[in-house]
Amino acid sequence: MNRELTDKNPRRISKPKHGIHYSNIPVSLDAKRIPDNDPWRDDLYKRKEYADQLYNLLKDQEHSIVLALDGAWGSGKSFFLQRWHTDLANAGLLSVYFNAWKDDFFANPLVSMIGQLNSTLADKAKSNPTRWQEIASGAKTVFAKAGLALGAQCLRHFMGIDLSEVKIEDVETSNERILNEYKNLIASRERLRSGITDLASSVFKTTGCCLVFIVDEIDRCRPTYAIEVIERIKHLFDVPHVAFIVGVDKQQLMQSVKAVYGNIDVRQYLLRFFDLEFHLPAPDRTLF
């Protein structure tokens, strides 16, 4: 007898195929928990060797670097980046994992990235206050004075002014107010860059490695948000001792750029933001 697909039994297929009845087939698989003490335990495709190559590239890196980890959908970018993030953290380094797709409902990706960095530092300070408390406290002060002000000014400037409600007597002062807000915006941006520079320098002195910021799932985001993320990375985090590893499906990202900017030289445009490309090879399916 066939089992119908019902609310009480949402994971059963109603019609048997070739006389065989399938049941209890999950619609999706739950994400596997990554063992903290052995993140590469289920590394059937031998990805750890690529993680070691990237670490050797970054460990003595003193300049800013943005690297595109290129791989097609299903090639295992998230598997690789999540486990490498855990591996770096286990080694006592500062690795920040940012899932861009989870936060693409925010208007300003900068707020999300700063929030994730601050959260990671707070966790580090709890687990090892002797090593991280001073760095975390200094970063929190910078973000409070510059990062949050930057986001608030952006929202107020671009969304908080309704020209239809401006009175005639306010016209002369409105231009001055907008100019002052612009000056404050620039000042906040520079304070933020300066604070990130000092933070990254402290991390490098403490760990012997740059601050590693991993950005994942960017090619699942809406096109405008994906472009804003890589633009914020280059404009605000282009400081010494900071390395961004951005997991991308380059072909998909190129389509996002075209959706935002039209028919432009997409490859040349992306060269402005990525210093290096690392192609994640297709997995050997026979190993699985």
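This is a short group-meeting talk on one predicted protein model, centred on strand β4 and the cysteines.

Okay, hi everyone. Quick reminder before I start: what you're looking at is a predicted model, so please hear every value as computed from it.

Let me do the overview first. The protein chain has 288 residues, and 42% of them are buried. Secondary structure comes to eight helices and five strands. If you walk along from the N terminus, the order goes α-β-α-β-α-α-α-β-α-β-α-α-β. For the surface people, the chain exposes about 16,900 Å², with carbon and sulfur atoms supplying 53% of that. And on contacts: take those between residues at least 6 apart in sequence, and 79% of them join residues at least 24 apart.

Right, now the part I actually wanted to show you, strand β4. That's residues 242-248. How many of its residues are buried? Seven of seven. The side that V242, F244, V246 and V248 point to is one way from the strand, while A243, I245 and G247 point the other way, and the residues in both sets are buried.

So who are the neighbours? Strand β1, residues 65-70, runs parallel to β4 and is joined to it by six bridges. If you want a spot to click on, V66 sits opposite F244 of β4. Then there's β3, residues 211-216, also parallel to β4, with five bridges between them. There the pair to look at is L211, opposite V242 in β4. To get from β3 to β4, the chain goes through helix α6, residues 223-236, and this β-α-β crossover is right-handed.

Last topic, cysteines. Somebody will spot C209 and C210 and ask about them, so which cysteine sulfur is closest to the one in C210? That would be the sulfur of C209, at 4.2 Å. A disulfide needs the two sulfurs within 2.5 Å, so at 4.2 Å the C210 and C209 sulfurs are too far apart for a bond. In fact, searching the whole structure turns up zero disulfides.

And are these residues buried or exposed, say C210? C210 has 1% relative accessibility, so it counts as buried; the cut-off for that is under 20%. C221 is buried too, because its relative accessible area is 7%.

To wrap up, if you remember one picture, make it β4 with all seven residues buried, β1 paired to it in parallel by six bridges, and β3 paired in parallel by five. Thanks, happy to rotate the model for anyone.

Definitions and conventions
Residues numbered from 1 in each chain as written. Predicted model: local features only at pLDDT ≥ 70, side-chain atom pairs only at ≥ 80, totals over all residues. Heavy atoms only, no water. Buried < 20%, exposed > 50% of the residue type's maximum accessible area, 1.4 Å probe, protein only. Helix = DSSP H or I, 4+ residues; strand = E, 2+ residues; numbered from the N terminus. Pairing = 2+ DSSP bridges. Right-handed = clockwise from strand over helix to strand, strands pointing away. Contact = heavy atoms within 4.5 Å. Areas by Shrake-Rupley, 256 points an atom, 1.4 Å probe, with all protein chains shown as cover.
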